[in-house]
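Take me through this model one feature at a time. For each, give the general idea and then the case at hand.

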Number of protein chains: 2
Amino acid sequence: MKAYQYETLELVFEARPEHGSEAAIDLAAEFTVNGRTHTVKGFYAGNGQCKLRFLPEEAGQYRYVVRGLAEESGTVEVAPARPGQHGIVRAQGIHFFYEDSTPYYGFGTTVYALAHQSDELMDETIETLRSAPFNKIRMCVFPKHYSYNSNEPKYYAFEKTEDGRWDPSHPCFAFWDAFEKRLNQLFEIGIEVDLILFHPYDRWGFSSMPQKDNLIYLDYLLRRFAAYPKLWWSLANEYDLCPAKSMEDWHEIEQFVADHDPYHHLLSNHNCFMYYDASRANISHMSWQTKQLSRIPEMQQKFGKPVSIDECCYEGNLPDSWGAISGEEMTARFWRAMVRGASCTHGETFFPDETEIVWWARGGKLTGRSPERIAFLRGIIEALPAPLEPQLSGLQKLAQFIGVQGGEVEKVLGEQNVPENMRFFMKSTLRMPREEAERFFACEPESFGRTADDSAILHYCDILCSCRTRMELPENKKYTIDVIDTWNMTRETVQTGACGTIWVELPSRPWMAVLAVEEKQNADC
Amino acid sequence: MKAYQYETLELVFEARPEHGSEAAIDLAAEFTVNGRTHTVKGFYAGNGQCKLRFLPEEAGQYRYVVRGLAEESGTVEVAPARPGQHGIVRAQGIHFFYEDSTPYYGFGTTVYALAHQSDELMDETIETLRSAPFNKIRMCVFPKHYSYNSNEPKYYAFEKTEDGRWDPSHPCFAFWDAFEKRLNQLFEIGIEVDLILFHPYDRWGFSSMPQKDNLIYLDYLLRRFAAYPKLWWSLANEYDLCPAKSMEDWHEIEQFVADHDPYHHLLSNHNCFMYYDASRANISHMSWQTKQLSRIPEMQQKFGKPVSIDECCYEGNLPDSWGAISGEEMTARFWRAMVRGASCTHGETFFPDETEIVWWARGGKLTGRSPERIAFLRGIIEALPAPLEPQLSGLQKLAQFIGVQGGEVEKVLGEQNVPENMRFFMKSTLRMPREEAERFFACEPESFGRTADDSAILHYCDILCSCRTRMELPENKKYTIDVIDTWNMTRETVQTGACGTIWVELPSRPWMAVLAVEEKQNADC
């Protein structure tokens, strides 16, 4: 058996589970390496085949023992990761890294019902993604029913009971095989799948199964999929629009997934209105539907976890306000997120012809103007020496300790070592109620980011059309300054050896950015 | 003496006040018409001339009695208003109307130091304004010191004491004469002057005079200017950035102006950070520096007074974020305000050459791209059958009663007579903390307005690029539907006789609007 670190390893056994136990067969294995033991459960794949999947997260000789419907033991030699295999993406502070410490910057897209289309359409979607700038996709296990999205899928995840209810105890193996095929195609082209386990846009009843059935379904899914390294768990798309589930239900689902995933994949829950509480221990990052991108630093600070803007409207021309932003605006929202060290997710919603094929739900081709610009941005971000931390403007920083009233103002100012010329501004802002201050500063258009070691500093000017901008660089490093036109996708080096306070000329157009990258040779200013 | 309703009437007396009393001479008059008596004070104009100005707000035969430095009585026949004279602008609910009930829609601009420039520049500014779309200007009594704005004025408002302090007891009459000349030129071309009485951008000391001196200055100004119908009092530009004045000082200044203005001109106080409390009895409207234009309905409701967006950044290309928005964005901000039944104020800040002439501070010529579009908008707004009320989208309405928790949700839903298909959305939003809900809904891009009698309904699509949009029109009226391109300044009638729910085709571009105007002949749908 040939096995590699970070690649799924599969054992297959001929065995037939008892009728009724197909979704939760009695099959488990222990994999032991270097004194560490990992326990995983198997699943029934139909056709008299039981399978056991395991993801070796380190290289070495593993000993395994299989028990239950099949009994077997042996060893497997896991070779070090092959090129291009980096392991599971994990959260570390506010950033994502692959398991091998490679930074992961999330450039997502959205094809909710990708796996519920005709083979031709799914093939086309995969082809499109092959050359698209995205390294993450948000997609659903269950089919989707919504405007522009009414086709009937070929397979469903489960068989039905005699009285017509979905029966998660009887998985529809053709569904899972077909679904898996598409997952693997996505994985092969380097795309992380943020797998949406539940969602409200449903005419079949998958969103309103009894909680007992939800857990049977999840158990099977986790046994089958958890060993895929490029998978994330998204408990829901718009959890708060699922009428059949209470917050207690969500908490139970969250705990179940966390308990039954031996690898602790990224786990989040995507909102419509109220964001899910990302401070919960099982939640790895904030998956946030929002237009309030200037609040990213607030959420990074609040949760100490990565923030992924997993819906910020889609490029398109639908009558619906969520699906009618321009390519310029979609591109700008990516910059607003990325400059602050967050991730962002794209979607495309052009009003369809009678085929009803809209990228955001069903896939197909991309025709918008943002993907090319997102590719340009991805090139810039991935070439940075380290992930960006959000940087607040001088006035934005004030908002962080707003709400101090009266006599305490002086105390706060004293503690903050504020330059004299800023003190008066600060006193004025400190007198604002906290809520007003937060809303005030959230309207500042520019975005700022810098790496923790100041090796790169990025300023996104957004809608501002300034003819020049000032940058404050450390005095003890030298920087190369590039002016970037984020829309026209040009990048020009305008200064080298820069340090301290500098002025950078700009073309008086919106959508500009300035990037300062530390020059390798160290020198005084 | 020839006098007209709504036009300032002036009596001149040869008299010299005692030295030291020039700013507050002993001269007053009573004007009585139809049993109503108005008392006004006179002022010393220099050169041995004392003057008394009175604004007759109704036509009729007035009897007047002058007492003090001059004694005189007589009658004056005040003829009804001449064409084009509408009287003082007053607040009525959330709208402005001239005294004769003509609606006033505020299309402002900003030239802070208009009256402190060379004669040539001031003449040029007036010429520019003659063909500009503005019917209001924000300008200061005192000169302004700030970036791009360092010139020395020819005159100052006061003489100095022997020890070099400003002495408001000794007005500099040349200053007041010159200032008045410019005011009158503005009035003649139909521009309301929102006169800024104090501001922080100062190197001369006018912003830090003792409060006693502030009141002497205001007394003189009010005696001299209050009878001008086209004048509004703006206590300050950015009151909260004036270090020498406490909130108590502002309240005293506010009360003094209210007490000493016999005509009760519009009175407001313009903020930088925290808006001034417009619920105060003396405050006629909210003069708001903000980018949060979606909060206009909140403020209209909170204060029950007109909202004037008196600074929302300026069209230009300065390095400063407040002076670097595009013509598109400036135009959009006007639409966002106007569609909601508010007023808006423009400014222009293009990086100057060595002459340091920037419109926003000093005047000159307008070179931006928004004024032409603001003129187009003004044409549309002024042709409406009545002022617009802000209209919230379905979801935005929810935000108004957000914050109800748990069991009360059902009660609120019951009271609101909510359609079944909206109830679930509402329950979800009702579970948001109020602050989150407000911030969420404030991000909705579209703006909606309609007249109280549904005679006109205006939907501004803002950044949305929809290919079509839905309008909900009353069933019992018929409407003509125009599609407006707010940037390209086109307006096309696309439907007539429309009522009920209609779809309107749009060109999949941003900055579109749809206007439904009731057709004159009444008919059923």
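**Reading the model**

Q: Where in chain B is Glu238(B) found?
A: Glu238(B) is in the loop between β16 (231-236) and α4 (247-260) of chain B. Helices (DSSP H or I, at least four residues) and strands (DSSP E, at least two) are runs numbered from the N terminus. This is a predicted model, in which local features need pLDDT of at least 70, side-chain atom pairs count only at pLDDT 80 or more, and totals for chains, interfaces and linings use all residues; side-chain values use heavy atoms, with hydrogens and water left out. Residues are numbered from 1 along each chain as its sequence is written, while chains are lettered from A and ligands numbered from 1 in the order in which they are written.

Q: What is the phi of Glu238(B), and is the residue buried or exposed?
A: Phi of Glu238(B) is near 55 degrees, a positive value in a residue other than glycine. Buried means under 20% relative accessible area, exposed over 50%, and partly exposed in between (1.4 Å probe, protein chains only). Glu238(B) has 5% relative accessibility and therefore counts as buried. A second case is Met489(A), with phi near 60 degrees, also positive in a residue other than glycine. Met489(A) sits in the loop between β27 (479-485) and β28 (490-498) of chain A, and it counts as partly exposed because its relative accessibility is 23%.

Q: Which residues does Asn271(B) touch?
A: Contact means heavy atoms within 4.5 Å. Leaving out residues up to four places away in sequence, Asn271(B) touches Glu238(B), Tyr239(B), Asp240(B), Tyr276(B), Ser287(B), Trp288(B) and Gln289(B). Asn271(B) belongs to the loop between β17 (267-268) and β18 (286-289) of chain B, and at 0% relative accessibility it counts as buried. A polar contact is a pair of N or O atoms within 3.5 Å; within protein, one must be able to donate a hydrogen and the other to accept it, and residues adjacent in sequence count only if both atoms are side-chain atoms. Here the Asn271(B) side chain reaches the backbone oxygen of Phe273(B) at 3.3 Å.

Q: What is the order of the 7 strands in the open sheet of chain B?
A: Strands of a sheet pair through backbone hydrogen bonds, either parallel or antiparallel. For counting, two strands pair if DSSP finds at least two bridges between them. The order in chain B is β1-β7-β6-β3-β4-β5-β2, with mixed pairing. At the edges are β1 (3-4) and β2 (9-14) of chain B, each paired on one side only.

Q: How many bridges join β3(B) to β4(B)?
A: There are 6, and the two strands run antiparallel. Glu30(B) has Thr39(B) as its bridge partner in β4(B). With 2 residues between them, β3(B) and β4(B) form a hairpin, and Asn34(B) in the turn has a positive phi of about 50 degrees. Strand β3 (residues 27-33) of chain B is also joined to β6 (residues 60-68) of chain B by 6 bridges, again antiparallel. In β6(B), the partner of Glu30(B) is Val65(B). Helix α3 (residues 211-225) of chain B packs on the sheet and touches β3, β4 (36-44) and β5 (49-54) of chain B; its direction makes about 120 degrees with that of β4(B). Axes are lines fitted to C-alpha atoms, for helices over the stretch in contact, and angles run from 0 to 180 degrees between N-to-C directions.

Q: What residue in the turn between β4(B) and β5(B) has a positive phi?
A: Gly46(B) does, at about 85 degrees, in a hairpin with 4 residues between the strands. β4(B) and β5(B) pair in the antiparallel sense over 3 bridges, and Gly42(B) has Leu52(B) as its partner in β5(B).

Q: Which side chains of strand β26 of chain B are buried?
A: In a regular strand the side chains alternate between the two faces of the sheet. In β26 (residues 468-472) of chain B, Thr469(B) and Met471(B) point to one face and are buried, while Arg468(B), Arg470(B) and Glu472(B) point to the other and are not. β26(B) pairs with β29 (residues 501-505) of chain B in the antiparallel sense over 5 bridges.

Q: How many disulfides does a search of the whole structure find?
A: A disulfide is a covalent bond between the sulfur atoms of two cysteines; the criterion is a pair of cysteine sulfur atoms within 2.5 Å. The search finds 0 over all chains. For Cys50(A), the nearest cysteine sulfur, that of Cys172(A), is 17 Å away. The sulfur of Cys443(A) is 8.5 Å from the closest cysteine sulfur, in Cys443(B), which is too far for a bond.
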